[in-house]
Structure formats: C-alpha cells, structure tokens
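Let's take a walk through a protein model together. Have the sequence and the 3D view open, and stop to find each part as we reach it.

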Amino acid sequence: MKQNPFFYVLILLIALTVLSAVVANSHLENAATIIMVLAAFKFLAVAFYFMELRHANTFWKALLIAFLTIFIGLVLII
Amino acid sequence: MSQVTTKASLYYPPGGILMWIIVYLELFTFGAVLVAMALYSKDEASIFHESRLQLNTTFGAINTLFLLVSGFFMALTVTALKTNNLSKSKTYLKLTMLGGLLFLGLKTVEYFDKIEAGLTMGYNTFFSFYWMLTLFHVIHVLVGLVILASVFRTMNKNPEKLIMEDVEASATFWHMCDLIWLLLFPVIYLVF
C-alpha cells in the first residue's frame, strides 16, 4: 500500500529528534552545532510539508529560510 | 464547503497571508528572545550549563514527539477535508487535539517538578528565560487548542458552514506552535 508522503516526513522528524537527544547526551565537541543543524532540518520539514509551504510563492520560502539561517547563525556564533 | 485551488501566489500562502504574517512575527519574537538568552549565557556560562542539566530532556524530547505527531495528524485533517472526507477529517482532528493535550499534560508535570525543586522564575537568569519562553509557548498551544475545538464543533454541528480557508488558517496556527517548539527545545534543553 502506498503511504501518504506526510508519513515519511513524520518518520524522518522522529528519527531526527531521537538523533538530537543522542548527540546531546554524547561528548562530541561540535554537539551544539549538530543539534542546531538537525533542528533546522526538522523546522524546514514541518514548514515545507505539514504547512505546505512548498506550494507557496518563493518569497515566503526565502523569508523562512533567511530567518532560520540568521537565527541558527546567531545562536552558534554567540 | 468552499475549495481552495493551490497556486503559488504571493498573496495566498497556504493558510492565508494574514496568518503567515502572524507566523513570521511570532518566529521573530521567539527568535529574538532566544538570541538574547544565548547572549546572557556568555556571561553566566557555568550557571546556564548547570541549570540546563536540571531540565528533564526526556520530557522535552517526548513533548517534541507529541507535537510532531499532532502536526502530522493536522496535515492529514486538511488533506482529508480537501477530498471531502469529513468523517476521516474529524478523526484526525481529534488525534491532533489529543497530541496537544498530551503535550500540556506532560508540561504540567514538568512545571510541577520544577516548582517543587524551587526552580522558579526568580531562581536565576536561565530559569527566568525558561519560564518566560515555555509559558508563552504553552499559551499559544492553549489558544491553538481552542481554535481547533471550534473547528471541530463546526465540523460536527454545521459541516456545511465549514470554510476551507479557515481550517487551513487554523492548521497553520497549530503548526506554528510546532515550529516555535522546534526552536525552543534545542536551545533551552540541549545546547547550553
């Protein structure tokens, strides 16, 4: 049976959440960077699939990616 | 029930332009406070680290899963409604709201633990940010649940009065709660 694409996105989101928790409990030197990058992927997956932003005008997509890049960049640089 | 044709217009993002303006304003607000939190952590690095370790990351991760699964069912609710499958849509919406209620239930347990341990808003800078950001988010989840309950009521009592644009806007608001949590969880619970 063909699964709804949302189902695959949910599986990916759960896997990324579990991975974030594993990285947070590890002693990796770049743990914070990895956690924030994983969070960015989850954020984009929810916005582009569950919120259907992928069907929206480029302006809205660009604005969201710009916000996310600046936010993650600032948190990591600070 | 009116149907919306999907088009990549600047003025019609899914959920409506006004809802998306709210989404960006909320994201910028929460984002700015989280960046301020990161700035404060530079001056009190050890306090932020020790405080972060007092948070229950398992609760945080489970709550993330509750919101993600809830968002998944919200997306299915909208899809089912677009194909005029009202009964499926109602079931998915109930599961969406259940996810939100489970999130609030676990958050209540977490807050109770923190208050019992004396880790209240005035405990230190980290917990001031923790309470301010997470409580503000909880208020959004509560508002989202009221909106979804109102959509569900219309689905049950007057399905002919259901407007697709309103359902999509409600879904966008609910997903926004998810997006905000996806920023709060790593920064507050994992990074410091």
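**A walk through the model**

Chain B has 6 helices and 0 strands, where helices (H or I, at least four residues) and strands (E, at least two) are DSSP runs, numbered from the N terminus. Read it along the sequence and you get the pattern α-α-α-α-α-α. Before going further, a word on the ground rules: this is a predicted model, in which local features need pLDDT of at least 70, side-chain atom pairs count only at pLDDT 80 or more, and totals for chains, interfaces and linings use all residues. Residues are numbered from 1 along each chain as its sequence is written, chains are lettered from A and ligands numbered from 1 in the order in which they are written, and side-chain values use heavy atoms, with hydrogens and water left out.

Back to chain B as a whole. Its C-alpha atoms fill a box of roughly 55 × 35 × 20 Å along the principal axes. Of its 192 residues, 51% are buried, and here buried means under 20% relative accessible area, exposed over 50%, and partly exposed in between (1.4 Å probe, protein chains only). If you take the contacts in chain B with a separation of 6 or more, 81% of them join residues 24 or more positions apart; a contact means heavy atoms within 4.5 Å.

Now for what the records say. An unreviewed UniProt entry lists "transmembrane region" for chain B at residues 17–40, 60–80, 92–109, 129–152 and 173–191. For chain A, UniProt (again an unreviewed entry) places that feature at residues 30–51 and 58–77. These positions are given in the numbering used here, feature names are shortened, and annotations may be inferred rather than shown by experiment. What does the model show there? In chain B, residues 92–109 are 100% helix, with end C-alpha atoms 26 Å apart, and residues 129–152 are also 100% helix, with their ends 34 Å apart. In chain A, residues 30–51 are 91% helix and 0% strand, while residues 58–77 are 100% helix.

Next, look for the aromatic rings. A pair of aromatic rings is described by the distance of the centres and the angle of the planes. Rings of Phe, Tyr and Trp (its six-membered ring) pair if their centres lie within 6.5 Å; planes under 30 degrees apart count as stacked, over 60 as edge-to-face and the rest as tilted. That rule gives 27 aromatic pairs over all chains. Take B:Phe48 and B:Phe192: their centres are 5.3 Å apart and their planes sit at 75°, so this pair is edge-to-face. B:Phe48 is in helix 2 (residues 45–53) and B:Phe192 is in the segment after helix 6 (164–191), so the pair ties together parts of chain B that are 144 residues apart in sequence. Both of these residues are buried. For contrast, the rings of B:Phe185 and B:Tyr189 have centres 5.4 Å apart and planes at 40°, so they count as tilted. Those two both lie in helix 6 of chain B, 4 residues apart, about one turn of the helix. B:Phe185 counts as buried at 2% relative accessibility, and so does B:Tyr189 at 0%. These four residues belong to one aromatic cluster, which also includes B:Trp131 and B:Trp181.

Finally, turn to the charges. Side chains of opposite charge can pair when their charged atoms come close. A salt bridge is a side-chain nitrogen of Lys or Arg within 4 Å of a carboxyl oxygen of Asp or Glu, and by this rule there are 3 over all chains. Which residue forms a salt bridge with A:Glu52? The partner is B:Lys82, with the closest N and O atoms 3.4 Å apart. This pair crosses between chains, from helix 3 of chain B to the loop between helix 2 and helix 3 of chain A. A:Glu52 is buried, with a relative accessible area of 13%, whereas B:Lys82 counts as partly exposed at 24%. B:Lys82 also meets B:Glu168 in a salt bridge (3.1 Å, N to O). That second pair links distant parts of the chain, with B:Glu168 in helix 6 and B:Lys82 in helix 3, 86 residues apart. Put together, A:Glu52, B:Lys82 and B:Glu168 are linked in a network of salt bridges.
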